[in-house]
Amino acid sequence: MNNKHTHTKKMAAAIIAASMLVSSPAFAAETVKNSSTTAVNTSSAFTDVASDHWAIKHVTKLAALGIIQGVDKGKFSPDTQVSQQDVVIMAVRMMGLESEALKNKTETNLPVTVDSYAKPYIALAFEKGLLSVKEESDGTAANSKTAWGSKSATREWVAKLVIRSIDKENLADQKNADPSTFADSKDISSWAVGYINAAVSLNIVNGMDDNMFQPKGNVTRAQMATFLSRADKELTTRSDRVFIGYMMEMKDRKISVLDKKGNTKEFTVSTDTVFYNAKDDSRIPSTQLKETNEIYVIQSNGTASYIELTNDEEQMETFEGTLDQIYVPKMMVSVTQGGTEDLKELAPNVTVTDKDGRGLSLGSIPLGSIVELKRNLLIPNSKYSKIIVKQVPVTKTAEGSVVNIDRDANKITFMEKASGQNETFPISIKLSVTLPGGAAGDLSKVRSGDIVSYDIKGNQVTGIKVSKQADIGASIEGTLQSVSEDKKILTINKADNTLGAYYIAENAVVSIEGLGNAGLFDLEAGDQLKLDLVNDKVVKVGVTSRSVKQMSFAKIVTYEPESKLLTVTDENGNPFAYRMTDTTGISYWDAPMNLDDFTDKFTKTKGTKVDLKVSKDKVISIKYAMNAEGTVTQINSSTNQITIRASGGQNVTFSMMANIGVETLAKAGATLSDLKIGDTVVGNLNKDQDLITQIAVKRTDVYKTLISNSTERQLSVKDESGGMLVFTIDSNDKIVNPGKATHSFGDILVDEYIKVSYTGKKLENVEILNTTRGKVTGVDSNAGTITVSDYAKGVQILTVGSKFVIKEFGTTSADLNSIKANDRVEIIKDAKDQLIITKAAASKRTVSSYDPVLNLLQLKPGGSGDKTTYNFYARAYLHQGATTVAPSSFVENDEVTIYVLDDKIYEVEK
């Protein structure tokens with residue numbers, strides 16, 4: 001490779017390098033066939049480039065720089081391809097070398113064939129080393145129908161020119177031996193591998209779709225404008241039209257800019273000046289620029305034609321406090337912060353605005369206002385040049401919810417119900433607190449999420465009346481001491497050796513491993529418990545110190561009625577001894593019986609098989625083995641046998657009746673072929689306990705309700721993988737609604753989640769899950785809590801613990817810090833009680849129409865592949881500010897933000 005290239009070439013390289021940044025062909029041509037090109041005023045678009053064209057910003061910017069021109073009668077021809085000679089012309093222009101190129105009036109003999117208008121540019125490119133005579137000579141001119149200059153520039157050719165122009169040929173040499181990462185690397189010319197790898201490593205080029213580089217691809221003029229506009233940041237020497245620095249002031253159609261060398265320049269801002277944001281290429285109003293924002297200005301003769309906000313970080317010192325006094329003649333104010341009064345000097349040109357940017361006069365600020373003072377850090381010893389009146393003294397009574405209590409700063413933040421906005425006030429030392437029911441309290445009894453009315457006097461919170469306390473979830477562990485006789489209070493000895501007594505909520509769930517349908521009567525003193533609490537009430541009790549062991553198909557060896565000692569063997573012949581009690585549940589062919597009748601029914605026949613549930617050395621229940629229950633580990637259709645792993649871990653093989661039936665709620669007419677390894681099943685045994693005559697699938701899973709038919713009491717639901725299930729709930733007794741007073745069919749709502757358990761075609765129970773959906777208002781990763789403003793249930797504070805998964809756009813994580821304030825989330829527990837946090841997809845869209853018949857919102861496409869039709873959640877939150885609106889209020893061209901969960905709209909913000 002040729003290393004003889006000058007430093008001047010870097011600018012050309014950066015320009016052309018950018019052409020590789022977009023995943024489309026390499027370069028767009030400046031198709032100029034003669035000298036009669038049409039110059040374009042940047043304030044007006046080319047007639048063939050619409051204001052919403054995807055490249056409008058970049059076309060406008062390069063037109064302002066004089067890099068691109070129109071082709072004819074104000075047209076840009078954005079879709080025309082570019083040639084090699086035009087790429088070089090634009091590179092020379094961007095380098096600021098056009099004048100030098102055009103100075104050469106001598107007819108030059110070039111080793112390549114180009115149009116006459118391009119000759120001085122190409123000659124300069126050879127002189128500067130951007131082009132190599134050996135590489136670019138017309139060695140195939142006799143056989144080629146296209147001259148060198150008119151050839152479309154290829155991506156690999158541009159990569160070579162780019163790397164040379166930024167003096168990175170040594171890097172290309174180093175990268176030449178590296179394998180290409182592109183799927184079409186076989187199509188890359190051998191001489192271009194190092195250049196392309198170097199360009200990739202410098203983030204100059206990207207691939208196309210499907211990881212293709214398309215080394216022989218071409219590019220359009222619109223694409224070229226985008227490439228060059230993005231490459232501008234690579235330049236080390238800029239056109240004298242460009243000035244980069246910090247905005248110091250903008251008023252009276254003048255903008256003052258300070259560069260990093262301390263030079264200040266002032267430019268005129270006209271009605272033709274355009275403003276763009278580098279973050280998203282969007283056009284913005286001039287008011288979005290703030291003092292000390294970093295900006296990029298293109299000007300001509302002192303008038304700015306193009307201004308780009310490149311960094312919206314403010315280089316300002318801020319000071320916030322309560323305004324005590326204003327000294328206008330001395331240009332000073334007295335402000336109190338944290339109980340300390342401070343005197344601040346103001347700049348002669350200080351500006352005063354309210355929090356919405358409306359101008360105020362210094363003398364009009366009410367004393368007692370919360371103000372924010374700003375001082376420019378770029379100016380040594382500067383005085384405060386901005387005052388923002390964040391809040392004037394307030395005296396009012398309002399309703400809302402508590403968002404945050406900052407006890408260190410002695411402040412409390414409310415979300416006002418009427419406006420939907422947050423407002424923060426200092427807390428008066430004379431604060432009065434009233435709790436639900438009228439009892440007096442103090443600030444320690446007030447929690448984030450509480451629904452309250454509050455009194456503000458002189459900008460301070462003087463009274464809080466709590467009308468409804470927030471639902472706060474928590475978990476606590478301890479040793480069971482007792483459960484009251486009326487089963488309303490549970491007492492534990494906590495880890496710190498203190499006692500804790502808790503009310504038990506309606507329909508509280510008890511979980512003991514191995515014991516289905518456990519209840520409070522199954523708890524024993526000394527059990528280690530994990531309690532799930534909501535507002536200090538127990539909604540779930542989990543026993544962690546013991547489980548109920550199940551032994552399936554155990555054979556009775558002996559039973560001693562006097563000692564009540566039962567001896568059995570498992571499938572492998574291992575002996576076990578357990579003690580029967582008067583409370584042991586005994587069942588013979590599904591008929592309950594007393595312990596006194598046990599010997600007669602169970603021990604007359606040698607080797608009777610039984611199903612046992614034991615806890616430690618005690619038999620909880622024993623029944624004549626009518627069923628084989630467990631997980632399917634093998635199905636042998638040729639021998640008509642099935643192997644089941646029982647809950648105790650033993651594998652037992654059974655013969656099956658010919659043409660055996662399979663029952664499952666998920667499919668009518670299921671057969672043996674519908675069973676899968678891993679399914680949990682219950683097989684009905686014959687009288688001799690050696691043949692399975694019927695199989696029922698047993699399953700517990702979480703489903704989302706799609707359709708609810710209250711007349712037929714029928715639900716249509718789907719699981720996480722999209723599997724459908726339709727079933728009927730014949731009795732409310734099968735519905736569990738933890739922590740709630742009712743458990744009826746009407747409590748099951750469309751779009752909500754339920755946990756369904758069934759055996760065969762028999763529905764065992766349906767548990768209504770507590771689903772939280774709404775806006776995140778706070779995340780405490782240290783405490784492991786997330787606060788959500790649920791639009792249906794108010795503010796919820798949830799303890800996530802360590803067992804949770806966050807789902808976002810098809811990916812999962814367990815990093816609570818990935819959840820941010822204002823995210824919209826859905827939170828449920830899956831079938832294994834793992835917390836699932838799903839982040840809603842948010843996007844700004846434009847309404848096309850609303851279909852009231854189908855309840856569909858039609859949206860205009862914002863980009864390629866955008867979904868344009870959405871259904872609403874049954875309880876979708878549709879609002880404008882804090883005011884809820886009807887779906888019919890959405891009309892064409894409304895700008896909205898939609899939040900989507902499971903391909904349906906949960907929230908629309910108008």
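**Reading helix crossings, burial and contacts**

Me: This is a predicted model. Which hand does the crossing of α2 and α10 have?

Reply: Handedness says which way the near helix is turned from the far one. Here the α2 and α10 crossing is left-handed.

Me: At what angle do the axes of α2 and α10 cross?

Reply: Take the two axes and read the angle between them. Helix α2 spans residues 56-65 and helix α10 spans residues 221-231. Their axes come within 8 Å and cross at roughly 70°. Angles of 65 to 115 degrees count as roughly perpendicular, so α2 is roughly perpendicular to α10.

Me: Which residues meet where α2 contacts α10?

Reply: List each side, then sort by character. From α2 come His-58, Val-59, Lys-61 and Leu-62. On the α10 side they meet Met-224, Ala-225, Thr-226, Leu-228, Ser-229 and Arg-230. By type, the residues of this contact are five nonpolar, three polar and two charged.

Me: How many residues of helix α5 are buried?

Reply: Count the residues under the 20% cut-off for relative accessible area. Helix α5 covers residues 119-128, and eight of its 10 residues are buried, so the rest of the structure largely encloses α5. The buried set is Pro-120, Tyr-121, Ile-122, Ala-123, Leu-124, Ala-125, Phe-126 and Lys-128.

Me: What covers those buried residues of α5?

Reply: Look for the elements in contact with them. The cover includes α3 (84-95), α4 (98-103) and α6 (133-136).

Me: Which residue follows α5, and what is its phi?

Reply: Check the sign of the angle. Gly-129 comes after α5, with a positive phi near 85°.

Me: Now a single residue. Is Ser-428 buried or exposed?

Reply: Place it, then read its accessibility. Ser-428 sits in strand β15, residues 422-434. Its relative accessibility is 10%, so Ser-428 counts as buried.

Me: What is Ser-428 in contact with, leaving aside neighbours within four places in sequence?

Reply: Distant partners show what packs against a residue in the fold. For Ser-428 they are Gln-460, Val-461 and Thr-462. There is also a pair to check close by in sequence. A polar atom of the Ser-428 side chain lies 3.0 Å from the backbone nitrogen of Lys-430.

Me: Where does Pro-285 lie?

Reply: Name the elements on either side. Pro-285 is in the loop between β4 (282-283) and β5 (294-300). At 47% relative accessibility, Pro-285 counts as partly exposed, because that class lies between 20% and 50%.

Me: How far apart are the C-alpha atoms of Pro-285 and Val-242?

Reply: Give both separations, along the chain and in space. Pro-285 and Val-242 are 43 residues apart along the chain, and their C-alpha atoms are separated by 20 Å.

Notes: Residues are numbered from 1 along each chain as its sequence is written. This is a predicted model: local features need pLDDT of at least 70, side-chain atom pairs count only at pLDDT 80 or more; totals for chains, interfaces and linings use all residues. Side-chain values use heavy atoms; hydrogens and water are left out. Axes are lines fitted to C-alpha atoms, for helices over the stretch in contact, and angles run from 0 to 180 degrees between N-to-C directions. Helices (H or I, at least four residues) and strands (E, at least two) are DSSP runs, numbered from the N terminus. Angles under 35 degrees count as roughly parallel, over 145 as roughly antiparallel, 65 to 115 as roughly perpendicular and the rest as oblique. Contact means heavy atoms within 4.5 Å. Ala, Val, Leu, Ile, Met, Phe, Trp, Tyr, Cys and Pro count as nonpolar, Asp, Glu, Lys and Arg as charged, and the others, Gly among them, as polar. Buried means under 20% relative accessible area, exposed over 50%, partly exposed in between (1.4 Å probe, protein chains only). A polar contact is a pair of N or O atoms within 3.5 Å; within protein, one must be able to donate a hydrogen and the other to accept it, and residues adjacent in sequence count only if both atoms are side-chain atoms.
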